[in-house]
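The following paragraphs lead through a protein model by way of its side-chain contacts. Please keep the sequence and the coordinates in view while reading.

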Amino acid sequence: MKKNFLISVLMTVVTTALLGLIYPLMVTALAQLFFRDKANGQLVQRNGTLVASRIIAQPFVGAGYFHPRPSAAGNGYDATSSGGTNLGPTNQKLIDRVNADVASAQAENPGKLVPVDLVTTSASGLDPDITPASAEFQVPRIAKARGLSEEAVRALVAQHTQGRQWGFFGEPRVNVLELNLSLDSTSR
Amino acid sequence: MTVNGWLQIIVYLAVILAVTKPMGVFMARVFNRERTFLDPVLRPIERLLYRLTLVDEEHEMRWTEYGFAMLLFSCVSMLMLYLIERTQQILPWNPQKFAAVAPDLAFNTAASFTTNTNWQNYSGEATMSYLTQMVGLAYHNFASAAVGIVLAIAFIRGIARREKETIGNFWVDLTRTTLWVLLPACIVYALILVSQGVVQNLRPYDTVKLVEPQQVQKVADGKPVVGPDGKPVMDTVTDQVIAQGPVASQEAIKMLGTNGGGFFNANSAHPFENPTPLSNYLQMISIFVIPAGLTYTLGRMTGSQRHGWAVWAAMAILFAAGVTTAYWAEARGNPLLKGVDQHASLMQSGGNMEGKEVRFGIADSTLFATITTDASCGAINGWHDSYTPLGGMVPLANIMLSETVFGGVGAGMYGILIYVVLSVFIAGLMVGRTPEYLGKKIEAYDVKMAMLVTLVFPLVILVLAGISSVKGFGTSSISNAGPHGLTQILYAFTSMAGNNGSAFGGLNGNTPWYNIAGGATMLIGRFFMILPMLAIAGNLAKKKYVPPSLGTFPVTTPLFSVLLVGVIVIVGALTFFPALSLGPILEHLLMQAGKTF
């Protein structure tokens, strides 16, 4: 009895040192050595300032930018407060919000059905991607706002469309931030 | 639904089938203390650990001592986590200067991580320091997973041993699980995750200048500010602060140990925890790899390999039923949304995308939701609360079946062995003979203990969910009105009693009632299951071997798998169907009729 009590204390202390300190610090060292950029969050610089993480969504509302999915992280796109709305499928608040977003999206594309991901909040609130369908839906607006041809914008979208990983896993997607940065560099 | 979606699901099951044997053989060798290829490195570390902790590795324990050591270890390590949470403001590695965690929340979290539940009433990136995450939370991901595995092994020894008083040494089993099964795999796995984009650093949160500054409504004291003219007052936000941390090392054990507690609030939906479809697929595989392997270990250690596969088959049947239902329900989308394209095409996966991520789409989200609740993992890559009623019922029902479909590491194995005992008992009643299980007579004592396990679980869930759904302190946490609100409460207590940890996240669990009742539920759900289970193990170990005769019901056939599935489903359905019909089933019918709340 007494011995087991002593062991339980010693075991907690020793394994904490091994699993709580040595293990994560070792992984940190190896990660920083071999995958420095990935381990630090793939931060993106433009003109010498940090402007984003490549895989964290940020807000875009201007007509000349592709818009990301709606976000429920904090006040919107708050990367210290990830999360979703957790609205249930029969919640009137969900229906009202989607209806409002559909109305404003359809104002630019009358009569067209809006791709579902463009009017639903993501799980993290930081989803960096939209579907190719949502990108295509926004092409006419961007082309008009930037004075580009729709073909030129479409070509840019195609450049930034990632297929399924290894041709099999997940779903095709378009990284909104990368697409918008390359829009900025092609037409200012 | 798409062809690719189905293929991803089928390939997943094929991968699990392929890893079952190698994993099972390896674990059997580890626990039989035979040589493995890792011995040259690990054996010296093992010996050193025993010297430091005064463990006598030749000592064998009866089930009572084994259980007592397990309780002591859980108790001491839980207390340590509580202390770390309460003092994190004065400890190092707290770059965001987070304050001490409140007492009721700290208790709930300590209970949650000690019991392998990982129910989270806090938001990781806004509450826990890096030190608390590493030394407190990730440590318990290892410890609670190891405890689960060693208990399953103890139970298997109980079945396998003949006329023995003892079932192994808790400390030795714990050490060997950690060193051989969990730690080496986690080091490799964590680095693979980093290569996909999971972050791993100790730096303070980064601030970036937004490409396009954002207008948001001003918030004061948690409430949106409205000007005298009734219009919202707006603020311009030019920065985005990006949370960082030692995520990959925690993510690896979070999945492999079926813990499920996210570093960030959004868990495996967060791009820093689960950045690519490949990382997502690996996370799903790592949930099932140990539980599936344990079915083979069961067969090997009891000398009946076909029994191990019969159990595996029963699990696979229930898994397939769950994932098919969830995928179908979510791919159909939400009929209440108008003007929205929810059809799957080459350009999008369609379906109900509220609370899901584009890179996972519907197939990988529903597959993840099924796996995480089949096992007692509880990680999520999309919010179950926003699933369609039937899609969200699948995770709930999975937990209600006691997470025996592969199940949590170890917990799934001893969970399904309880059902095996019941199945054998029922088969014995049907043919009118004393039931036998792998040469051991199953007698009144064993069945009583098995029933105790089976009854405590729904008792806790239904009583506490019942109280919460009629009392103000319970209902005030609901965020979705109508039948969905009942489902939120039901899901919370089911998840906590089942030590799952996933949630219908809209329910505000950070209240004194849910923190304390929930903490107690998790402790009961863990330890009140374990003690009767160990009692059966100890009792079986003492018994004489009875050679099988013509009247013995074979536990190695497809018929047995079907009977086992039947017992699990019938016990679950009899217990929970009334509650389910008032929650998700009613909501489904109302949704079809166009009703909103």
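B:Trp513 is partly exposed, at a relative accessibility of 22%; buried means under 20% relative accessible area, exposed over 50%, and partly exposed in between, with a 1.4 Å probe and protein chains only. Its partner B:Phe473 also counts as partly exposed, at 39%. B:Phe473 and B:Trp513 form a tilted aromatic pair, 4.7 Å centre to centre with 50 degrees between the planes. Rings of Phe, Tyr and Trp (its six-membered ring) pair if their centres lie within 6.5 Å; planes under 30 degrees apart count as stacked, over 60 as edge-to-face and the rest as tilted. This contact links distant parts of the chain, with B:Phe473 in helix H15 (residues 472–475) of chain B and B:Trp513 in helix H17 of chain B, 40 residues apart. Helices (H or I, at least four residues) and strands (E, at least two) are DSSP runs, numbered from the N terminus.

The model is predicted, so local features need pLDDT of at least 70 and side-chain atom pairs count only at pLDDT 80 or more, whereas totals for chains, interfaces and linings use all residues. Residues are numbered from 1 along each chain as its sequence is written, chains are lettered from A and ligands numbered from 1 in the order in which they are written, and side-chain values use heavy atoms, with hydrogens and water left out. The pLDDT, the predictor's confidence in each residue from 0 to 100, has a mean of 94 in chain B, where 100% of residues reach 70 or more. The model scores ipTM 0.96 and pTM 0.96.

Over all chains, 28 aromatic pairs are found. In one of them, B:Tyr296 and B:Trp309, the ring centres are 5.8 Å apart and the planes stand at 75 degrees, so the arrangement is edge-to-face. B:Tyr296 lies in helix H9 (residues 277–302) of chain B and B:Trp309 in helix H10 (residues 305–331) of chain B, so the pair ties together parts 13 residues apart in sequence. B:Tyr296 is buried, with a relative accessible area of 8%, while B:Trp309 is partly exposed, at 30%. Both residues belong to one aromatic cluster that includes A:Trp166, A:Phe168 and A:Phe169 from chain A.

Charged side chains come next. The structure holds 29 salt bridges over all chains, each a side-chain nitrogen of Lys or Arg within 4 Å of a carboxyl oxygen of Asp or Glu. In chain A, A:Asp184 and A:Arg146 meet at 2.9 Å, N to O. A:Asp184 lies in helix H6 (residues 176–186) of chain A and A:Arg146 in helix H4 (residues 132–146) of chain A, so this salt bridge ties together parts 38 residues apart in sequence. Both A:Asp184 and A:Arg146 are buried. A:Arg146 also lies over the face of A:Tyr65, at 5.1 Å from the ring centre; such a charge has NZ of Lys or CZ of Arg within 6 Å of the ring centre and within 35 degrees of the ring normal.

In chain B, which residues form salt bridges with B:Lys543? One is B:Glu443, at 3.0 Å, N to O, and another is B:Asp446, whose closest N and O atoms with B:Lys543 are 2.5 Å apart. B:Asp446 lies in helix H14 of chain B and B:Lys543 in the loop between H17 and H18 of chain B, 97 residues apart. B:Lys543 is buried, at 10%, as is B:Asp446, at 0%, whereas B:Glu443 is partly exposed, at 40%.
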